[in-house]
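Student: Hey, could we take a close look at one part of this protein? I'd like to see who sits next to whom there, and how that part fits into the whole picture.

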Amino acid sequence: MQSLADITVLVNSEFSSSERRINPSWTISHLKAKLFPITGIPEGSQKLTLRSAARQIPTLIAAEDEDKTTLLGYGLGMYDELHVEDLRPPAARPNFVDTTDVEKYEMPLDQYEKRTDSVLAWKKRNQLGRFDPNKDENEGRELQRQWDEVKERGIEVGKRCKVGERRGTVKFVGVVEEIPGKGVWVGVEGDEPTGKNDGSIGGKAYFSCKPKYGSFVKADRVEIGDFEELDDLDDLEEL
């Protein structure tokens, strides 16, 4: 008797999708045993449905005696979709998405620093970031440039100012350690509650004002002048 040829089908489940070859001479029980390591669904909890473009209604693959019933009577076609549904209650199913309880490997820092194919090694080779031999000098020049801009613009604590269309009073000029990157910031108390803070960042107070009235902006956005307090409701962009 000539053996039957294998048929390629698309096996889909909640957490898996792959092409598999199955033989129509297999019993349903044998098929389910093959699907268990692929889908992670135990044989007794599998509901098999065969779908294809030629089928208007999906075909349920099930029988009273699945140990003896073969797949011959289900009309398997090349690249039909075999959908495997998990009949277990959701609480009884393993969660293959949540990895919070999965033990993760963390490479010791001394081993990471010895690697030659890491981002750290690439930065060292290209003298970037903290490995730039001129890093301190460049940062110093940039900081001085920003202080020069503050002076040129006449920005001083107590002066009236405008940031965009918003008006307020300069309350602070200097470095804010809580903002990433070294630089000079101007603390402004707005005339209206369009700010982000009360003059504090990261729990450290640089000046004091009512909540939502304070903001920190760069000097190039600050215009000094004799601006009267107005009830202006335009948006103020701030950090």
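Tutor: Sure, let's start from the outside: the protein exposes about 15800 Å², and carbon and sulfur atoms supply 50% of that. Keep in mind that what you're looking at is a predicted model. Of its 239 residues, 33% count as buried.

Now for the overall build. You'll find four helices and twelve strands. The radius of gyration is 34 Å, well over the 18 Å that the globule rule gives for 239 residues, so the protein is more spread out than a compact globule. You can picture that with a box: taken along the principal axes, the C-alpha atoms fill roughly 100 × 50 × 30 Å. The domain assignment splits out domain 1 (7-92) and domain 2 (151-224), and their C-alpha centres lie 66 Å apart. As for contacts between residues at least 6 apart in sequence, 53% of them join residues at least 24 apart.

Okay, time to zoom in. The part I'd pick is the spot around Gln146, which belongs to helix H4 (residues 135-152). Is Gln146 buried or exposed? Its relative accessibility is 8%, and the cut-off for buried is under 20%, so Gln146 counts as buried. Who does it touch, once you skip residues up to four places away in sequence? The answer is Lys182, Gly183, Val184 and Lys218.

Check those numbers against the UniProt record: an unreviewed entry there lists residues 182-218 as "domain: CAP-Gly". Lys182 and Lys218, both touched by Gln146, carry the very numbers that bound the listed span. The end C-alpha atoms of 182-218 lie 12 Å apart. As for its make-up, the span is 0% helix and 41% strand.

For a second example of a buried residue, hop over to Thr27. It lies in the loop between strand E2 (17-22) and helix H1 (28-39). With a relative accessible area of 18%, Thr27 is under the 20% cut-off, so it is buried. Its side chain reaches the backbone nitrogen of His30 at 3.1 Å. Leaving out residues up to four places away in sequence, Thr27 touches Glu66, Asp67, Lys68, Thr69 and Thr70.

So here's what to take from the close-up: Gln146, in helix H4, is a buried residue that touches Lys182, Gly183, Val184 and Lys218.

Notes: Residues are numbered from 1 along each chain as its sequence is written. This is a predicted model: local features need pLDDT of at least 70, side-chain atom pairs count only at pLDDT 80 or more; totals for chains, interfaces and linings use all residues. Side-chain values use heavy atoms; hydrogens and water are left out. UniProt positions are given in the numbering used here, feature names are shortened, and annotations may be inferred rather than shown by experiment. Helices (H or I, at least four residues) and strands (E, at least two) are DSSP runs, numbered from the N terminus. Buried means under 20% relative accessible area, exposed over 50%, partly exposed in between (1.4 Å probe, protein chains only). A polar contact is a pair of N or O atoms within 3.5 Å; within protein, one must be able to donate a hydrogen and the other to accept it, and residues adjacent in sequence count only if both atoms are side-chain atoms. Contact means heavy atoms within 4.5 Å. Domain bounds come from an automatic or database domain assignment. The radius of gyration is taken over C-alpha atoms; the globule rule is 2.2 Å times the number of residues to the power 0.38. Accessible areas come from the Shrake-Rupley method with a 1.4 Å probe; for residues, only the protein chains shown count as cover.
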